[in-house]
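Reader: Hi! I am in my first year and still learning to read protein structures. Could you pick one part, look at it closely with me, and then show how other parts can be read in a similar way?

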Amino acid sequence: MDPAPGTPRWNLDRPFLTGRFHQEIKAPAQVMGSKPFSMDSFSRGSNNVIGSYPVSVQELLVIDDLLSALVGIEGRFISIKRVKGKECHVVFQIDPSMDLALQELTERIFPLCQDYVLINHFVESKSQFKSGLVNHAFAAALRALLLDYQAMVAQLEHQFRLGRLSVQALWFFCQPMMGSLHALSTVVEKASSNNFSGATTLNLLQSQAKAMAGDNAVRSMLEKMTQRASSAYLAILERWVYEGVIDDPYGEFFIAENKSLQKESLTRDYDAKYWIQRYSLKDGIPSFLVSVAGIILTTGKYLNVMRECGHNVQVPLSESSKLMSFESNHHYLECIKAAYDFASGELLNLIIHKYDLMGKLRSLKRYFLLDQGDYLVHFMDISRDELAKRPEEISVEKLQSLLDLALRSTAAASDPCHEELTCCVERVPLLKRLNALKDLDTTDPSVNNKPTSDTDLQSELLNITGLETFCLGCKVQWPLSLIIPKKALTKYQLIFRLLFHCKHVNRQLCMAWQVHQGFRAVKILKTPILRSSILCRSMLKFINSLLHYLTFEVLEPNWHLMHDRLQTAKSVDEVIQFHDYFLQKCLKECLLLLPQVFKKIEKLKSICLQYAASIQLLVPSVYVPEVATNDAVGPFVQGKSKPQRSRNKNQQHEVAAENNIINDSIMKFGKEFNEELQSLAPILASSSQAEPYLTHLAQCILGLGSDQ
């Protein structure tokens, strides 16, 4: 906000232009208790005090002085003193030698004189630039009222010159203005002492008008003042709700703009506050706008988003839609609501149709939620060696080229959004990544979560590979980044990492199953191999059931629910709300927010991977095929000659019968797998009442150990 221009020094240094020429006195306890005034203090060339004149002459003299006092000017027998310590307060004092009856009538008029001086000082001080537009408008309205008041004084003076005015008549004619000026003096005193401006001044006027409900004339006058003072504020409001522009040179508007927040932060920062804090509500909202403050804020935000998109739009204006005042018929509320409906509809139409929001969301579902996983199968085949490395050893550039090759070689090539996909490799396991995101509620009150020791963490970090830390990224352009900011994309990545690792476990178990099929081809199917085959089948059932639950029980139904809700959304804020709710619900039902259950699932997957790796390593000790297929773990092929094949068969039969290591290993994996699987049952049962979706998970994966 630019600094307000200063007030010229001459307007402060020349006291008779500002009304600040009166002498200071200490605030008296009672005006009547003041010292008698000397002739020198009051007389303009007269050598007699007023009490030396007859009463009829005293009346004429005091009327002449009162006419001056009514406009803040001292007379011969009435003086004005400023109260020390109170800048805008004055007291009027009269020669105590005056007739007592005249004194009483005169002192009744003094409050009106004091109110005039107080209001006039407010008009002078609040007309300066720094006081703000509302105070400027209020001061202008007060100045117009004071002109009427001064005209009344001029008329009274005319009557006095004609010899038709008495003190009693003067008191009578001042009555209509006394209530109004006293009410206004109360307002300006509070406004000055508290340095009110903007909305606080308007609220003060409104509250004072309500307090004067018993006096229709004063209440009507205060309401008129409120309307006049609010005209400048409504002009700022009109530009905001109709153009999305904050034209607020003195910082009076209740909406603040934080220019340091840029829209690019939405795609860079997980905790980006652009949409919430770029424009925000300040304290001090006018009471007549409190009920629609949120709508006003949102309307201007929508218009600003469209301007950022290069789509200059302005709410259609008509004579009836101008915000001139806030009458009791609430027409201004209808204008604000109409502006909101227009801005909301225009932005929603822009995002959904021009920027194809649903197409972008479908692409995220296709790639991150594995709606169409053909590209992923091809990618996992060609990137197997690279992903088997430790995260810090992986070349992200090589992975990106392999991903591009997989996308171009599959049905994903027809999707225009496939070029926006990127690769990234995390440095920590999924569970640690979840714990690092503080805004995700990953606490389970029923579990006493023990912190992981540094030794366990280091061991875990040494053992992870790219298969556990690989995830996709996606470039999201403005204004879709409002709907899909960094935080939302991170949630997609968390779900993708879970699905990707499950797919990896499934592939490894399928390779182990192919090993067993190779034994079947050479008819070596003794007890260890039979037991291993059954265990492998149970593990495949587990991982396939888990994938079925994640995709068909969680992601697909929630996606269709969100899709249907988005069709009925009335604003961008509703779209953001529905999308965020979809992601949060998916995270929770995918077990990512339930540490106890998730750790069990991760343990089961780890056992499956260890088993699959062991089976593939133990195969050469039982049977070494001479001819390898193109697939590293494809079906086994028999030798080229019958004598050699017969020798290999006898040798493998003897090794399988004598090698207890194979049998012990399979028994160990089977026992560990069944124990972990069965320990999951009570956890799911205890949590299913609070989380009904766990019932579906239990139905999918429990009871698998009975096959063994």
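Author: Happy to! Let us begin with a pair of helices: α7 and α8 are roughly antiparallel to each other, because the angle between them is over 145 degrees. The angle itself is about 165°, and the two axes lie 9 Å apart. Please keep in mind that this is a predicted model.

Why give both an angle and a distance? Two packed helices are described by the angle between their axes and the distance between the axes. Helix α7 covers residues 199–211, while helix α8 covers residues 216–243. Their crossing is left-handed.

Now zoom in on the side where they touch. From α7, the residues that take part are Ala199, Leu202, Leu205, Gln206, Gln208 and Ala209. They meet Arg219, Leu222, Glu223, Met225, Thr226, Ala229, Ser230 and Tyr233 in α8. Try finding Leu202 and Leu205 in α7, and then Leu222 and Met225 in α8.

With the helix pair in view, we can turn to a helix on its own. Helix α23 runs through residues 572–589 and has 18 residues. From its first C-alpha to its last it reaches 26 Å, close to the 26 Å expected at 1.5 Å a residue. Its buried residues are Val572, Val575, Ile576, Phe578, His579, Phe582, Leu583, Cys586, Leu587 and Glu589.

Follow the chain out of α23 and you come to Leu591, placed in the loop between α23 and α24. Phi of Leu591 is near 75°, a positive value in a residue other than glycine. That deserves a second glance, because most residues other than glycine have a negative phi, and most peptide bonds are trans. Leu591 is also buried, with a relative accessible area of 1%.

Beyond that loop, helix α24 spans residues 595–622 and holds both Lys605 and Glu602. The two are 3 residues apart, about one turn of the helix. Their side chains meet in a salt bridge, at 2.7 Å from N to O. Lys605 counts as buried because its relative accessibility is 1%, under the 20% limit. Glu602, with a relative accessible area of 25%, is partly exposed.

Salt bridges can also reach between helices. Glu386 forms a salt bridge with Lys398, and the closest N and O atoms are 3.5 Å apart. Glu386 lies in helix α15 (residues 384–387) and Lys398 in helix α16, so the pair ties together parts that are 12 residues apart in sequence. Glu386 has another such partner, Lys389, at 3.2 Å from N to O. Glu386 is buried, with a relative accessible area of 4%. Lys389 counts as partly exposed at 33% relative accessibility, and Lys398 is partly exposed as well, with 44%. Elsewhere, Asp64, Arg76, Glu157 and Arg161 are linked in a network of salt bridges. The whole structure has 23 salt bridges.

Helix α16 (396–408) leads us to a loop, since Glu420 sits between α16 and β6 (421–425). At 23% relative accessibility, Glu420 counts as partly exposed. Leaving aside neighbours within four places in sequence, Glu420 is in contact with Lys360, Gly473, Cys474 and Lys475. Glu420 and Ser363 are 57 residues apart in sequence and 10.0 Å apart in space, from C-alpha to C-alpha.

Two other loops are good places to practise reading backbone angles. Asp356 lies in the loop between α12 (331–354) and α13 (357–368). The phi of Asp356 is near 50°, a positive value in a residue other than glycine. Asp356 is partly exposed, with a relative accessible area of 39%. In the second loop, between β7 (470–474) and α20 (480–483), you will find Pro479. A cis peptide bond joins Trp478 and Pro479, with omega at about 5°.

For a last stop, visit Asp115 in helix α4 (residues 100–126). At 10% relative accessibility, Asp115 counts as buried. Apart from neighbours within four places in sequence, Asp115 is in contact with Leu181, His182 and Ser185.

Notes. Residues are numbered from 1 along each chain as its sequence is written. This is a predicted model: local features need pLDDT of at least 70, side-chain atom pairs count only at pLDDT 80 or more; totals for chains, interfaces and linings use all residues. Side-chain values use heavy atoms; hydrogens and water are left out. Helices (H or I, at least four residues) and strands (E, at least two) are DSSP runs, numbered from the N terminus. Buried means under 20% relative accessible area, exposed over 50%, partly exposed in between (1.4 Å probe, protein chains only). Contact means heavy atoms within 4.5 Å. The expected span of a helix is 1.5 Å times one less than its number of residues. A salt bridge is a side-chain nitrogen of Lys or Arg within 4 Å of a carboxyl oxygen of Asp or Glu. Axes are lines fitted to C-alpha atoms, for helices over the stretch in contact, and angles run from 0 to 180 degrees between N-to-C directions. Angles under 35 degrees count as roughly parallel, over 145 as roughly antiparallel, 65 to 115 as roughly perpendicular and the rest as oblique. A crossing is left-handed if the near helix is turned anticlockwise from the far one by less than a right angle, and right-handed if clockwise.
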